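Grab a pencil and let's work through some aromatic ring pairs. Each exercise comes with a step-by-step solution.

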Amino acid sequence: MKVTFEDGNTLTLTSGDGREVVEDMADVINVTYWLWAFASPRVYRTFGRVPPREHILRQLDIYISYVKKGVRVAAPQFQPVHYERRLPLATRLRELFEVWTQPELTQEIVDISRALIEHEGIKAPACGWDAFEDPEEDGVKFEDSLLWPEGVPATLKGQWPPKRSNR
């Protein structure tokens, strides 16, 4: 991926072998959004539908592959971060989703999702997971910002990215 800044300078994001990493990065960010949904049962219960098991398993396969590479998509928001704990947790989460009884989330699914977010170096919401509300942004509900089998609903509906003002 090549980013061009207003001053004309460019930045290309690549992996160690020279491949552009935008696809990997976007995939992992999409998985992280799903982890956030599973870590927030209060938000998850507001969803109008349940993600298909196969879709979640594919998302977790992407995440497990990413973790096995030992990479990170974001700078940590705190230290120390125990990145080494991600693989066993992600593997266990995948096992839980293989036998998942929809739509309910077990406490273990919630706890592992929270732990994976922490082990990515991402802080929990300041209000705590159990008080966290739908972080609606620019009229887009969290559910519509997630990657579903057909795509990201907010993008498909033309709600994202937000329109720029003509200031």
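**Exercise 1.** How many aromatic pairs does the structure hold, and how is the pair of Phe 38 and Phe 97 classed?

Start with the count: there are 13 aromatic pairs. Rings of Phe, Tyr and Trp (its six-membered ring) pair if their centres lie within 6.5 Å; planes under 30 degrees apart are stacked, over 60 edge-to-face, and the rest tilted. For Phe 38 and Phe 97, the centres are 4.9 Å apart and the planes sit at 40°, so call this pair tilted. Next, place the two: Phe 38 is in helix H1 (residues 22–39) and Phe 97 in helix H4 (residues 86–98), 59 residues apart. Helices here are DSSP runs (H or I, at least four residues), numbered from the N terminus.

A word on the source: this is a predicted model, where local features need pLDDT of at least 70, side-chain atom pairs count only at pLDDT 80 or more, and totals for chains, interfaces and linings use all residues. Residues are numbered from 1 along each chain as its sequence is written, and side-chain values use heavy atoms, leaving out hydrogens and water.

**Exercise 2.** Is Phe 38 buried or exposed?

Buried means under 20% relative accessible area, exposed over 50%, partly exposed in between (1.4 Å probe, protein chains only). Phe 38 comes in at 2%, so it's buried. Phe 97, at 0%, is buried too.

**Exercise 3.** Which class fits the pair of Phe 47 and Trp 148?

Their centres are 6.5 Å apart and their planes at 65°, so it's edge-to-face. Both Phe 47 and Trp 148 are buried.
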